[in-house]
Amino acid sequence: MPPLPLKQTLRVALVGDYNPAVIAHQAIPLALDNAAEYIDVTVDYDWLPTPEVTSPEDLVGYDAIWCVPASPYQHEDGAFLAIRFARENQIPFLGTCGGFQHAIIEYARNVMGWKDAAHAETTSDGRLVIAPLSCSLVEKSDSIVLKPGSFIADAYGRERIEEGYHCNYGIAADFAEQLSQSQLQATGWDQQGDIRAVELSGHPFFVATLFQHERNALKDKAAPLVEALLIAARR
């Protein structure tokens, strides 16, 4: 059977609670438009507020799902549902900042069996797989080392990058070791060895970063992972 033709129009679900004051939310449409122009496709994107994501049917028909920054979300179960839907149905997925944190929790709960996995920003109960950072990364930039051969290293075309953050929470140190035994593999680390990016083995494209690379679009710079997301969706 000959390969299917590449899609020329893509639909992307932006799962999160849109706020025009959030810098990443200002950048995301521009990053998508720039990436679409670069790879010569048309992209239609819909902001899906988390309270409106209540069943898998709400996500059917999208070629890619992006769980966007600015948590805590109004309805975190909507974010978890979208992440799980993308993971289980081989739909290209990108998570940034809050999307990264919630992708970790979803995987811990639904794959690793940590049903009480939780986020320290919203609860003190359960096993806090997302915990406060030792130093805040709100409006900070830092160097990140990438795993050779990973999706993210291939997208950037190099193994060391510098990106910006707007967060106070990351993977808890005691959970990072547990995660290393799973298929959700760390593929980016800061200079202290703390995990800043993950991707899922065996998935066509499932990448999450604590840093907000999409904000490069506001500086008229490329966002390589957004391009990589659309390339994966196009297939």
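**Exercise 1. Which elements do the buried residues of α1 pack against?**

Before starting, note that this is a predicted model, where local features need pLDDT of at least 70, side-chain atom pairs count only at pLDDT 80 or more, and totals for chains, interfaces and linings use all residues. Residues are numbered from 1 along each chain as its sequence is written, and side-chain values use heavy atoms, with hydrogens and water left out.

Step 1: pin down the helix. Helices here are DSSP runs of H or I with at least four residues, strands are runs of E with at least two, and both are numbered from the N terminus. Helix α1 covers residues 23-39; its 17 residues should span 24 Å at 1.5 Å a residue, and the end C-alpha atoms sit 25 Å apart, which agrees. (The expected span is 1.5 Å times one less than the number of residues.)

Step 2: list what is buried (under 20% relative accessible area; exposed is over 50%, partly exposed in between, with a 1.4 Å probe and protein chains only). In α1 these are A24, H25, A27, I28, P29, A31, L32, A35, A36 and I39.

Step 3: find the partners. The buried residues pack against β1 (9-15), β2 (42-48), β3 (64-67) and α6 (224-234), where contact means heavy atoms within 4.5 Å.

**Exercise 2. Work out how α2 and α3 cross, and what makes the contact.**

Step 1: get the geometry. The axes of α2 (residues 76-88) and α3 (residues 98-110) come within 9 Å and cross at roughly 70°. Axes are lines fitted to C-alpha atoms, for helices over the stretch in contact, and angles run from 0 to 180 degrees between N-to-C directions.

Step 2: name the arrangement. The two helices are therefore roughly perpendicular; that label takes 65 to 115 degrees, while under 35 is roughly parallel, over 145 roughly antiparallel and the rest oblique.

Step 3: collect the residues. α2 brings E76, F80, I83, R84 and R87, and α3 brings G99, H102, A103, I105, E106, Y107, R109 and N110.

Step 4: check burial. In α3, 11 of the 13 residues are buried. In α2, the buried ones are G78, A79, F80, A82, I83, F85, A86 and R87, and they pack against β1, β3, β4 (93-96), α3, β11 (195-200) and β12.

**Exercise 3. Place A208: is it buried or exposed, and what does it touch?**

Step 1: A208 belongs to strand β12 (residues 206-209).

Step 2: its relative accessible area is 0%, so A208 is buried.

Step 3: leaving out residues up to four places away in sequence, A208 touches G95, F100, A103, R196, A197 and V198. Its C-alpha is also 7.0 Å from that of G99, 109 residues apart along the chain.

**Exercise 4. Track down the backbone oddities around the loops.**

Step 1: recall the background. Most residues other than glycine have a negative phi, and most peptide bonds are trans.

Step 2: look after α1. D40, in the loop between α1 and β2, has a positive phi of about 65° although it is not a glycine. With a relative accessible area of 56%, D40 is exposed.

Step 3: look after α2. Q90 sits in the loop between α2 and β4, and its phi is positive too, near 60°. At 39% relative accessibility, Q90 counts as partly exposed.

Step 4: look before α2. A cis peptide bond joins S71 and P72, with omega about 10°; P72 is in the loop between β3 and α2.
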